[in-house]
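Visitor: Could you take me on a close look at a single part of this model, and then walk outward from there? I'm at the bench most days, so plain talk is welcome.

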Amino acid sequence: MDSPSRGILYVVSTPIGNLKDITLRALEVLKEVDIVAAEDTRHSRKLFSRYDIKTRLISYYGAKEELKGDEVLRELRAGKKVALISDAGTPGISDPGYYLIKNAAEEGHHIFTIPGPSALVSAITISGLPTARFVFEGFLPPKGSARKKRIESLKGEERAVVIYESPRRAIKTLKELLAALGNREAAMARELTKIHEELVRGTISDIIERLEEKEVRGEITLIIAGETEPAGEEDKTAKMNKLIAKALGDKIPVRDAAEMISLELSLSKRDVYQSMLKLKDEGEI
(Lines give C-alpha, C1' and ligand atoms only; values in the text may rest on other atoms or scores of the structure.)
Protein backbone atom coordinates (compact mmCIF):
# COMPACT_ATOMS: atom_id res chain seq x y z
CA MET A 1 0.00 0.00 0.00
CA ASP A 2 1.30 3.41 -0.95
CA SER A 3 1.97 5.74 1.93
CA PRO A 4 -0.18 8.89 1.97
CA SER A 5 1.21 12.02 0.38
CA ARG A 6 2.27 14.94 2.50
CA GLY A 7 0.25 18.07 1.97
CA ILE A 8 0.99 21.65 2.87
CA LEU A 9 -1.01 23.60 5.45
CA TYR A 10 -0.65 27.37 5.64
CA VAL A 11 -1.96 29.06 8.80
CA VAL A 12 -2.88 32.50 7.49
CA SER A 13 -3.66 35.63 9.50
CA THR A 14 -6.39 37.87 8.07
CA PRO A 15 -7.45 41.44 8.95
CA ILE A 16 -9.20 42.05 12.28
CA GLY A 17 -11.15 44.95 10.79
CA ASN A 18 -9.61 47.04 8.05
CA LEU A 19 -9.25 44.85 4.95
CA LYS A 20 -6.15 46.81 3.90
CA ASP A 21 -4.22 45.10 6.72
CA ILE A 22 -3.84 41.88 4.71
CA THR A 23 -0.20 41.11 3.87
CA LEU A 24 1.10 40.63 0.34
CA ARG A 25 2.30 37.14 1.22
CA ALA A 26 -1.13 36.21 2.61
CA LEU A 27 -2.80 37.30 -0.63
CA GLU A 28 -0.29 35.31 -2.63
CA VAL A 29 -0.90 32.15 -0.59
CA LEU A 30 -4.69 32.47 -0.62
CA LYS A 31 -4.64 32.71 -4.41
CA GLU A 32 -2.21 29.82 -4.99
CA VAL A 33 -3.44 27.08 -2.63
CA ASP A 34 -5.92 24.43 -3.74
CA ILE A 35 -8.39 25.03 -0.91
CA VAL A 36 -9.04 27.62 1.81
CA ALA A 37 -10.60 26.30 5.03
CA ALA A 38 -12.49 29.23 6.57
CA GLU A 39 -14.25 29.66 9.91
CA ASP A 40 -17.23 31.26 8.11
CA THR A 41 -17.19 31.08 4.32
CA ARG A 42 -19.81 33.85 4.03
CA HIS A 43 -17.62 36.22 6.05
CA SER A 44 -14.46 35.30 4.13
CA ARG A 45 -16.09 35.97 0.76
CA LYS A 46 -15.95 39.69 1.56
CA LEU A 47 -12.14 39.46 1.72
CA PHE A 48 -12.04 37.23 -1.36
CA SER A 49 -14.22 39.62 -3.33
CA ARG A 50 -12.10 42.63 -2.34
CA TYR A 51 -8.89 41.01 -3.64
CA ASP A 52 -10.34 38.88 -6.45
CA ILE A 53 -9.42 35.56 -4.83
CA LYS A 54 -11.02 32.63 -6.72
CA THR A 55 -9.80 29.73 -4.56
CA ARG A 56 -12.38 27.16 -3.41
CA LEU A 57 -13.67 27.80 0.12
CA ILE A 58 -14.71 25.09 2.57
CA SER A 59 -15.92 25.57 6.14
CA TYR A 60 -13.91 24.82 9.26
CA TYR A 61 -15.68 26.10 12.36
CA GLY A 62 -15.54 25.50 16.09
CA ALA A 63 -18.88 23.72 16.61
CA LYS A 64 -17.77 20.91 14.28
CA GLU A 65 -14.02 21.36 14.44
CA GLU A 66 -13.15 17.65 14.53
CA LEU A 67 -15.54 16.69 11.71
CA LYS A 68 -14.43 19.56 9.49
CA GLY A 69 -10.82 19.03 10.50
CA ASP A 70 -10.93 15.42 9.32
CA GLU A 71 -12.23 16.62 5.93
CA VAL A 72 -9.28 18.96 5.59
CA LEU A 73 -6.85 16.23 6.68
CA ARG A 74 -8.12 14.02 3.84
CA GLU A 75 -7.25 16.80 1.41
CA LEU A 76 -3.77 17.09 2.92
CA ARG A 77 -3.27 13.32 2.61
CA ALA A 78 -4.04 13.70 -1.08
CA GLY A 79 -1.12 16.10 -1.34
CA LYS A 80 -3.20 19.26 -1.53
CA LYS A 81 -2.12 22.73 -0.44
CA VAL A 82 -4.59 24.16 2.09
CA ALA A 83 -4.80 27.57 3.76
CA LEU A 84 -6.52 27.88 7.13
CA ILE A 85 -8.12 31.21 8.03
CA SER A 86 -10.48 32.45 10.73
CA ASP A 87 -13.02 35.27 10.52
CA ALA A 88 -10.42 37.74 11.77
CA GLY A 89 -6.90 37.57 13.10
CA THR A 90 -4.86 34.41 13.54
CA PRO A 91 -6.30 30.86 13.61
CA GLY A 92 -5.76 29.09 16.92
CA ILE A 93 -5.84 32.32 18.96
CA SER A 94 -9.35 31.97 20.44
CA ASP A 95 -10.40 30.80 16.97
CA PRO A 96 -10.65 27.30 15.43
CA GLY A 97 -7.36 25.74 14.39
CA TYR A 98 -5.88 23.62 17.16
CA TYR A 99 -7.37 20.26 16.12
CA LEU A 100 -6.33 20.57 12.49
CA ILE A 101 -2.85 21.91 13.19
CA LYS A 102 -2.15 19.27 15.86
CA ASN A 103 -3.21 16.36 13.64
CA ALA A 104 -1.55 17.74 10.53
CA ALA A 105 1.70 17.95 12.48
CA GLU A 106 1.31 14.40 13.80
CA GLU A 107 0.72 13.09 10.27
CA GLY A 108 3.87 14.79 9.01
CA HIS A 109 2.33 17.39 6.72
CA HIS A 110 4.26 20.58 6.08
CA ILE A 111 2.94 23.53 8.11
CA PHE A 112 3.83 27.16 7.49
CA THR A 113 2.69 30.34 9.23
CA ILE A 114 1.70 33.45 7.29
CA PRO A 115 1.81 36.03 10.11
CA GLY A 116 -0.30 39.14 10.30
CA PRO A 117 -2.97 40.90 12.37
CA SER A 118 -3.98 39.80 15.86
CA ALA A 119 -6.29 41.64 18.26
CA LEU A 120 -4.15 40.30 21.12
CA VAL A 121 -0.90 41.89 19.92
CA SER A 122 -2.58 45.04 18.58
CA ALA A 123 -4.28 45.79 21.90
CA ILE A 124 -1.15 45.16 23.96
CA THR A 125 0.99 47.50 21.86
CA ILE A 126 -1.27 50.53 22.44
CA SER A 127 -2.41 49.76 26.01
CA GLY A 128 0.26 51.90 27.69
CA LEU A 129 0.64 49.22 30.37
CA PRO A 130 3.75 47.19 31.31
CA THR A 131 3.36 44.19 28.97
CA ALA A 132 6.90 42.86 28.58
CA ARG A 133 5.46 39.77 30.30
CA PHE A 134 1.81 38.84 29.93
CA VAL A 135 -0.60 35.92 30.12
CA PHE A 136 -3.37 35.45 27.56
CA GLU A 137 -6.63 34.04 28.95
CA GLY A 138 -8.74 34.32 25.79
CA PHE A 139 -12.46 34.13 26.59
CA LEU A 140 -13.21 33.23 30.22
CA PRO A 141 -15.69 30.43 30.89
CA PRO A 142 -19.16 32.06 30.62
CA LYS A 143 -20.46 30.96 34.03
CA GLY A 144 -20.33 28.55 36.93
CA SER A 145 -17.46 27.19 38.98
CA ALA A 146 -15.11 27.06 35.99
CA ARG A 147 -15.42 30.84 35.56
CA LYS A 148 -14.96 31.52 39.27
CA LYS A 149 -11.94 29.24 39.44
CA ARG A 150 -10.29 30.88 36.43
CA ILE A 151 -10.72 34.39 37.84
CA GLU A 152 -9.47 33.30 41.26
CA SER A 153 -6.39 31.82 39.62
CA LEU A 154 -5.41 35.32 38.45
CA LYS A 155 -4.92 36.59 41.99
CA GLY A 156 -1.27 37.35 42.58
CA GLU A 157 -0.50 37.23 38.84
CA GLU A 158 2.42 39.61 38.33
CA ARG A 159 2.19 39.54 34.53
CA ALA A 160 -0.33 41.61 32.61
CA VAL A 161 -3.53 39.66 31.92
CA VAL A 162 -5.18 39.81 28.49
CA ILE A 163 -8.81 38.73 28.12
CA TYR A 164 -11.22 38.67 25.18
CA GLU A 165 -14.82 39.53 26.00
CA SER A 166 -18.14 40.21 24.31
CA PRO A 167 -19.79 43.60 24.91
CA ARG A 168 -22.79 42.06 26.68
CA ARG A 169 -20.61 40.38 29.31
CA ALA A 170 -17.86 43.00 29.63
CA ILE A 171 -19.28 44.89 32.64
CA LYS A 172 -19.99 41.65 34.52
CA THR A 173 -16.45 40.42 33.84
CA LEU A 174 -14.83 43.68 34.91
CA LYS A 175 -16.82 43.78 38.16
CA GLU A 176 -15.72 40.23 38.95
CA LEU A 177 -12.12 41.12 38.16
CA LEU A 178 -12.38 44.22 40.34
CA ALA A 179 -13.64 42.13 43.25
CA ALA A 180 -10.96 39.48 42.82
CA LEU A 181 -7.91 41.53 41.81
CA GLY A 182 -8.56 45.00 43.18
CA ASN A 183 -8.71 48.23 41.22
CA ARG A 184 -5.70 47.68 39.01
CA GLU A 185 -4.63 49.77 36.06
CA ALA A 186 -6.24 48.50 32.88
CA ALA A 187 -7.05 49.23 29.26
CA MET A 188 -9.96 48.30 27.04
CA ALA A 189 -9.55 48.05 23.26
CA ARG A 190 -12.64 47.79 21.09
CA GLU A 191 -13.28 47.57 17.34
CA LEU A 192 -9.55 47.80 16.58
CA THR A 193 -8.72 49.06 13.04
CA LYS A 194 -12.41 49.74 12.35
CA ILE A 195 -14.28 53.05 11.99
CA HIS A 196 -15.36 53.12 15.64
CA GLU A 197 -12.03 52.00 17.13
CA GLU A 198 -11.78 52.89 20.81
CA LEU A 199 -9.16 52.58 23.53
CA VAL A 200 -9.96 53.41 27.16
CA ARG A 201 -7.16 53.60 29.74
CA GLY A 202 -7.52 53.99 33.50
CA THR A 203 -8.39 51.67 36.34
CA ILE A 204 -10.82 48.77 36.17
CA SER A 205 -13.49 50.95 37.80
CA ASP A 206 -12.87 53.71 35.24
CA ILE A 207 -13.53 51.29 32.40
CA ILE A 208 -16.70 50.05 34.11
CA GLU A 209 -17.90 53.66 34.30
CA ARG A 210 -17.19 54.11 30.59
CA LEU A 211 -19.10 50.97 29.63
CA GLU A 212 -22.06 51.96 31.77
CA GLU A 213 -22.38 55.32 30.00
CA LYS A 214 -23.78 53.94 26.75
CA GLU A 215 -24.33 50.78 24.74
CA VAL A 216 -21.07 49.30 23.48
CA ARG A 217 -20.71 47.06 20.46
CA GLY A 218 -17.91 44.98 19.02
CA GLU A 219 -15.63 42.43 20.65
CA ILE A 220 -13.47 43.76 23.44
CA THR A 221 -9.89 43.10 24.49
CA LEU A 222 -9.11 43.81 28.14
CA ILE A 223 -5.57 44.28 29.44
CA ILE A 224 -5.21 44.20 33.22
CA ALA A 225 -1.91 45.25 34.80
CA GLY A 226 -0.07 42.65 36.84
CA GLU A 227 -0.04 42.78 40.63
CA THR A 228 2.57 45.01 42.22
CA GLU A 229 3.62 45.11 45.85
CA PRO A 230 0.47 46.41 47.58
CA ALA A 231 0.78 49.48 49.76
CA GLY A 232 -0.96 49.57 53.14
CA GLU A 233 -4.16 51.58 53.24
CA GLU A 234 -2.66 54.19 55.57
CA ASP A 235 0.40 54.59 53.34
CA LYS A 236 -1.76 54.87 50.22
CA THR A 237 -4.02 57.50 51.81
CA ALA A 238 -1.04 59.53 52.95
CA LYS A 239 0.53 59.34 49.51
CA MET A 240 -2.75 60.34 47.88
CA ASN A 241 -3.08 63.40 50.13
CA LYS A 242 0.49 64.40 49.37
CA LEU A 243 -0.11 64.12 45.63
CA ILE A 244 -3.37 66.05 45.92
CA ALA A 245 -1.64 68.89 47.78
CA LYS A 246 1.10 69.05 45.15
CA ALA A 247 -1.36 68.99 42.25
CA LEU A 248 -3.46 71.79 43.68
CA GLY A 249 -0.35 73.76 44.56
CA ASP A 250 0.69 73.45 40.92
CA LYS A 251 -2.80 74.68 39.95
CA ILE A 252 -3.65 71.49 38.06
CA PRO A 253 -7.43 71.26 37.44
CA VAL A 254 -9.16 69.00 39.95
CA ARG A 255 -10.48 66.53 37.35
CA ASP A 256 -7.10 66.23 35.62
CA ALA A 257 -5.33 65.78 38.95
CA ALA A 258 -7.84 63.13 40.04
CA GLU A 259 -7.20 61.17 36.87
CA MET A 260 -3.42 61.32 37.22
CA ILE A 261 -3.45 60.34 40.90
CA SER A 262 -5.92 57.50 40.35
CA LEU A 263 -3.64 56.03 37.67
CA GLU A 264 -0.52 56.33 39.81
CA LEU A 265 -2.06 54.73 42.89
CA SER A 266 -4.52 52.35 41.16
CA LEU A 267 -7.45 54.05 42.85
CA SER A 268 -10.88 54.94 41.55
CA LYS A 269 -10.85 58.31 39.82
CA ARG A 270 -14.19 59.07 41.43
CA ASP A 271 -12.83 58.30 44.92
CA VAL A 272 -9.80 60.54 44.40
CA TYR A 273 -11.98 63.34 43.07
CA GLN A 274 -14.28 63.15 46.09
CA SER A 275 -11.28 63.15 48.43
CA MET A 276 -9.94 66.26 46.74
CA LEU A 277 -13.24 68.09 47.16
CA LYS A 278 -13.51 67.02 50.80
CA LEU A 279 -9.98 68.12 51.66
CA LYS A 280 -10.55 71.49 49.96
CA ASP A 281 -13.82 72.04 51.86
CA GLU A 282 -12.16 71.18 55.17
CA GLY A 283 -9.32 73.57 54.38
CA GLU A 284 -6.69 70.89 54.97
CA ILE A 285 -4.94 71.68 51.72
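**Strand S10 and its surroundings**

Guide: Let's start with strand S10 (residues 220-224): five of its five residues are buried, so the strand is largely enclosed by the rest of the structure. Keep in mind that this is a predicted model.

Look at how the side chains are laid out. In a regular strand, side chains alternate between the two faces of the sheet. Here, Ile220, Leu222 and Ile224 point one way from S10, while Thr221 and Ile223 point the other way. Whichever way they point, all of them are buried.

Now for the neighbours. Strands of a sheet pair through backbone hydrogen bonds, and the pairing can be parallel or antiparallel. Strand S7 (residues 160-165) pairs with S10 in the antiparallel sense, over five bridges. If you want a spot to centre your view on, take Val161, whose bridge partner in S10 is Ile224. Strand S8 (residues 185-190) also pairs with S10 in the antiparallel sense, again over five bridges. There, Ala189 stands opposite Thr221 of S10.

Stay with S7 for a moment and turn to the rings. The model has three aromatic pairs. One of them is Phe139 with Tyr164, an edge-to-face pair at 5.7 Å centre to centre, with 65° between the planes. That pair links distant parts of the chain: Phe139 sits in strand S6 (residues 134-139) and Tyr164 in strand S7, 25 residues apart. What about burial, then? Tyr164 counts as buried because its relative accessibility is 8%, whereas Phe139, at 33%, counts as partly exposed. Ring pairs also bring in Phe136, which joins Phe139 and Tyr164 in a cluster.

On to the charges. Side chains of opposite charge can pair when their charged atoms come close. Across the whole structure, a search finds 19 salt bridges. One of them is between Arg159 and Glu157, at 2.8 Å from N to O. Arg159 is at 30% relative accessibility and so counts as partly exposed, while Glu157, at 15%, counts as buried.

Another is the salt bridge of Glu198 with Arg210, where the closest N and O atoms are 2.6 Å apart. This pair links distant parts of the chain, with Glu198 in strand S9 (residues 198-203) and Arg210 in helix H8 (residues 204-213), 12 residues apart. Glu198 has 15% relative accessibility and therefore counts as buried. Arg210 counts as buried too, at 12%. Elsewhere, Arg56, Glu75 and Lys80 are joined into one network by salt bridges that share partners.

For a contrast in accessibility, go to Lys54. Its side chain meets that of Asp52 in a salt bridge at 2.9 Å, N to O, and Lys54 counts as exposed because its relative accessibility is 71%.

Next, a sheet with parallel pairing. This one is an open sheet of five strands, in the order S3-S2-S4-S1-S5. Strand S3 (56-59) and strand S5 (110-114) stand at the edges with a single partner strand each, so one side of each has no neighbour in the sheet. From one strand to the next, the twist averages 25°. Strand S1 (residues 8-12) runs parallel to S5, and five bridges join the two. To find that pairing on your screen, pick Ile8 and look across to its bridge partner in S5, His110.

Helix H4 (residues 98-106) packs on this sheet, touching S1, strand S4 (81-85) and S5. The direction of H4 makes about 150° with that of S1.

That brings us to a helix pair. Two packed helices are described by the angle between their axes and the distance between the axes. Helix H3 (residues 65-77) packs with H4 at an angle of about 35°, the axes being 9 Å apart. The crossing of H3 and H4 is right-handed. On the H3 side, the contact is made by Glu65, Glu66, Gly69, Asp70, Val72, Leu73 and Leu76. H4 contributes Tyr98, Tyr99, Leu100, Asn103 and Ala104.

If you'd like one view to come back to, make it S10, with S7 paired to it and S8 paired to it as well.

Conventions: Residues are numbered from 1 along each chain as its sequence is written. This is a predicted model: local features need pLDDT of at least 70, side-chain atom pairs count only at pLDDT 80 or more; totals for chains, interfaces and linings use all residues. Side-chain values use heavy atoms; hydrogens and water are left out. A salt bridge is a side-chain nitrogen of Lys or Arg within 4 Å of a carboxyl oxygen of Asp or Glu. Buried means under 20% relative accessible area, exposed over 50%, partly exposed in between (1.4 Å probe, protein chains only). Helices (H or I, at least four residues) and strands (E, at least two) are DSSP runs, numbered from the N terminus. Two strands pair if DSSP finds at least two bridges between them. Rings of Phe, Tyr and Trp (its six-membered ring) pair if their centres lie within 6.5 Å; planes under 30 degrees apart count as stacked, over 60 as edge-to-face and the rest as tilted. Axes are lines fitted to C-alpha atoms, for helices over the stretch in contact, and angles run from 0 to 180 degrees between N-to-C directions. Contact means heavy atoms within 4.5 Å. A crossing is left-handed if the near helix is turned anticlockwise from the far one by less than a right angle, and right-handed if clockwise.
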